[in-house]
Each structure stands twice: as C-alpha cells, then as structure tokens.
Amino acid sequence: MPRVATGFIAEGGRPRQTEFELATPVTDEVVIEITHSGVNRADLMQLAGHYPPPAGASDILGLEASGRVVAVGPSVSRLKVGDEVCALLAAGGYASHVVVSEQQVNKLPKNISLEQGAAICEAFTTAWYNLYEIAALRANEKLLLHAGASTVGLAALQLAVASGNPVFVTAGSDEKIDLCRNLGAGGGWNRQQGSFVEAVKAWGGADVIIDPVAGDYLAADQQVLNLDGRIVVLGLMGGRMAELDAGRLLMKRQRIQGSTLRNQSLTVKGRLMRALEQQVWPLLTSGTCQARIEKVYAIAELDTALQQISENKTKGKLVLAW
C-alpha cells in the first residue's frame with residue numbers, strides 16, 4: 001500500500017490534481033486501489049462551491065468508485081485483500097486510493113466488471129432509497145420520474161419496472177424518451193414540448209413523483225399527484241424557489257419531502273449498501289437491470305467528462321478509468 005495517493009480537489013471552479021497522505025485503515029476500514037470513478041452531477045455542484053463535503057470528509061471529489069481492496073483494518077469481516085469492490089462515498093472517489101468503512105463497500109458479483117461497478121452505487125442506492133424507503137412505493141402504484149434518462153432516473157425506472165409499477169418519464173429529447181420506453185416506461189413526455197401536466201393526467205396521474213428539478217415543476221407535480229401521493233425532491237435543476245398550492249396539498253393529502261444521500265449517517269449508508277447487495281445484485285446479475293455506461297474516459301479527460309455532464313448530453317453513466 002502506498003503512503004501517498006493522488007486525487008482531485010475543487011479549486012476555482014475546476015478540478016486540480018493533488019497528492020495526499022494515505023491513512024492506515026483502522027477498525028472496519030478498508031483501502032481500495034481505485035480503477036474506475038463514477039461521474040455525477042453533484043461533482044459539478046461541489047466544483048461550483050454549492051455542495052461541500054460533509055464535516056470530517058475528504059476534500060477530494062467523487063462520490064463512488066470501484067477497485068481492489070489492498071489493505072484492511074483489524075475489525076474488517078466482510079472483505080479481504082484482492083476483492084473487487086464498489087464503494088458509496090461521501091468524498092474521495094476521484095483518487096488513486098480511498099480509505100472507507102467496509103459498511104459502504106460491496107464485493108462485486110463475478111459477472112459485473114470494475115468498469116460497471118463504478119456506475120452502480122450512487123445511482124442505484126439513490127433510486128432504491130427514495131423509491132422504497134422515502135416514498136414507500138407500493139405494488140401497482142404509478143410512478144412519475146423527471147429526468148428519466150439521468151443515471152438515477154434510469155436506475156429507478158429499471159427497479160420500478162422490475163417490481164411491476166407503471167412508469168411515466170419526462171426528459172429533454174425524443175431520443176431519451178425512446179431509451180426509457182425501451183427499458184419499460186409506459187409513457188413519456190419531452191419537456192421541450194411544454195408542460196407535462198395534461199400528458200400525465202391522461203396517463204392516470206402519479207402516486208409517487210421523483211423530482212430532481214424542483215422550481216416550477218413542483219406546482220405542476222401537485223396537479224398530477226393522486227390522492228395520498230408523495231413527491232420526493234432530489235435536486236434543484238429548475239431552481240430552489242417554488243410556489244405551492246396549500247389547498248391542493250391539504251385536500252389531496254399530498255406529501256413533499258426533500259432527500260439527500262451524501263450526508264446520511266454511516267448506519268444509513270451501510271443499510272442501503274446491504275439492500276443493494278440483497279435486492280439489486282440479483283437483478284444486475286440476471287440482466288433484469290443494467291448499469292448503463294455511456295462512455296469511459298481516461299482520468300486525463302476529466303474536464304471533458306464534466307463538460308458533457310454539464311450540457312445534459314448523457315443517456316447513461318460516465319466513468320473515469322485510472
């Protein structure tokens with residue numbers, strides 16, 4: 001195990017390469033030699049100064065990675081040196097190595113590559129958490145996914161379809177809508193054509209809405225939400241200010257909840273990673289769900305990958321190869 005690792009921090013709105021001392025793992029920690037890092041929109045927010053890492057976390061960018069375990073702490077029981085793994089991180093994914101509790105790490109199934117491993121944790125954990133723990137999506141309930149062709153949207157779509165839930169998606173192009181339909185979406189709306197409200201109402205409304213947009217979308221969400229429906233807000237792509245109809249909120253018994261994963265406790269993240277292992281791994285190994293990778297960039301092409309994310313020109317995960 002090296003004493004010094006290489007990673008990227010945010011400086012002046014851009015990633016800057018730096019070296020840092022690699023800590024010796026203690027208690028249940030493992031050291032992972034990273035082979036691939038997942039690129040996420042949250043990385044752009046951190047670069048812009050709007051999404052700092054939680055207190056005590058590293059300044060190194062990156063919320064997920066895959067690689068091989070090269071050292072373990074004295075209390076580690078689930079993993080061993082040489083295991084190929086993926087990790088859900090509060091920070092530190094854009095680096096040659098990371099030290100993390102084994103609770104946030106899963107061993108990869110044999111038919112899942114390290115490249116695919118870097119595309120799983122953030123998307124599928126976020127999707128699982130918000131569908132089944134926050135929104136408590138039930139059998140046969142109708143699901144509306146905004147930004148349906150985003151990595152979280154595609155993960156949520158596949159999980160819901162596998163459970164038999166009808167899904168309607170919104171996205172920014174007909175090509176993205178077609179991708180979602182091919183994965184099982186029963187309806188779709190290109191946001192370039194205006195409001196989605198009438199299309200979703202004609203589809204039967206929604207019992208659960210996963211919304212990474214917020215802004216003006218929230219008022220429209222309320223209009224299509226069925227009785228006792230739930231809206232989960234994951235992001236602010238449309239802005240942080242919204243006008244809500246309190247009468248509709250009251251009379252239709254609507255619930256609106258914000259949700260973030262990065263600053264959740266180790267206990268929560270550990271529980272979610274075990275749910276991933278138990279519930280999602282079989283879907284991935286059987287091919288029922290897929291870790292959809294659009295492109296793998298060399299780490300030297302980090303700026304290009306981030307630019308592609310910022311332009312909303314993705315229909316799958318972007319991955320960095322070290």
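Student: What makes W128 buried in this predicted model?

Tutor: Its relative accessible area is 16%. Buried means under 20%, so W128 qualifies.

Student: Why is the pair of W128 and Y132 called tilted?

Tutor: The rings pair because their centres lie 4.5 Å apart, within the 6.5 Å limit. Their planes make an angle of 55 degrees. Stacked needs under 30 and edge-to-face needs over 60, so the pair is tilted.

Student: Where do W128 and Y132 sit along the helix?

Tutor: Both belong to helix α3 (residues 121–134), four residues apart. That spacing is about one helical turn.

Student: How many aromatic pairs does the ring rule give?

Tutor: Four.

Student: How do you know that the charge of K142 sits over the ring of W203?

Tutor: The charged end of K142 is 4.3 Å from the ring centre. The distance cut-off is 6 Å, so that part is met. The rule also asks for a position within 35 degrees of the ring normal. K142 is listed as sitting over the ring of W203.

Student: Which residue lies over the face of Y51?

Tutor: R262, at 5.0 Å from the ring centre. That value also falls within 6 Å.

Student: What makes I256 partly exposed?

Tutor: Its relative accessibility is 32%. Partly exposed runs between 20% and 50%, so I256 fits. I256 lies in strand β13 (residues 255–258).

Student: Which residues join I256 in a nonpolar surface patch?

Tutor: L244 and L249. Together the three have about 210 Å² of accessible area. Patch members need over 30% relative accessible area, and I256 at 32% passes.

Student: Which residues have the most contacts inside the largest nonpolar core?

Tutor: I120, F124, L143, L145, L159 and L284. The core has 51 residues. Elements giving two or more residues include β5 (84–88), α3, β8 (143–145) and α4 (151–162). The largest share, nine residues, comes from α9. In soluble globular proteins, nonpolar side chains tend to be buried together.

Student: Why is N140 called exposed, and T27 partly exposed?

Tutor: N140 has a relative accessible area of 62%. Exposed means over 50%, so N140 is exposed. T27 stands at 44%, between the two cut-offs, so T27 is partly exposed.

Student: What is notable about phi in T27 and N140?

Tutor: Phi is positive in a residue other than glycine: near 40 degrees for T27, near 70 degrees for N140. T27 is in the loop between β2 (14–21) and β3 (29–38). N140 is in the loop between α3 and β8.

Technical notes. Residues are numbered from 1 along each chain as its sequence is written. This is a predicted model: local features need pLDDT of at least 70, side-chain atom pairs count only at pLDDT 80 or more; totals for chains, interfaces and linings use all residues. Side-chain values use heavy atoms; hydrogens and water are left out. Rings of Phe, Tyr and Trp (its six-membered ring) pair if their centres lie within 6.5 Å; planes under 30 degrees apart count as stacked, over 60 as edge-to-face and the rest as tilted. Buried means under 20% relative accessible area, exposed over 50%, partly exposed in between (1.4 Å probe, protein chains only). Patches are made of residues with over 30% relative accessible area and no salt bridge: like charges are joined within 9 Å, nonpolar side chains (Val, Leu, Ile, Met, Phe, Trp, Tyr) within 5 Å. Accessible areas come from the Shrake-Rupley method with a 1.4 Å probe; for residues, only the protein chains shown count as cover. A salt bridge is a side-chain nitrogen of Lys or Arg within 4 Å of a carboxyl oxygen of Asp or Glu. A nonpolar core is a set of buried Ala, Val, Leu, Ile, Met, Phe, Trp, Tyr and Cys residues joined through side-chain atoms within 4.5 Å.
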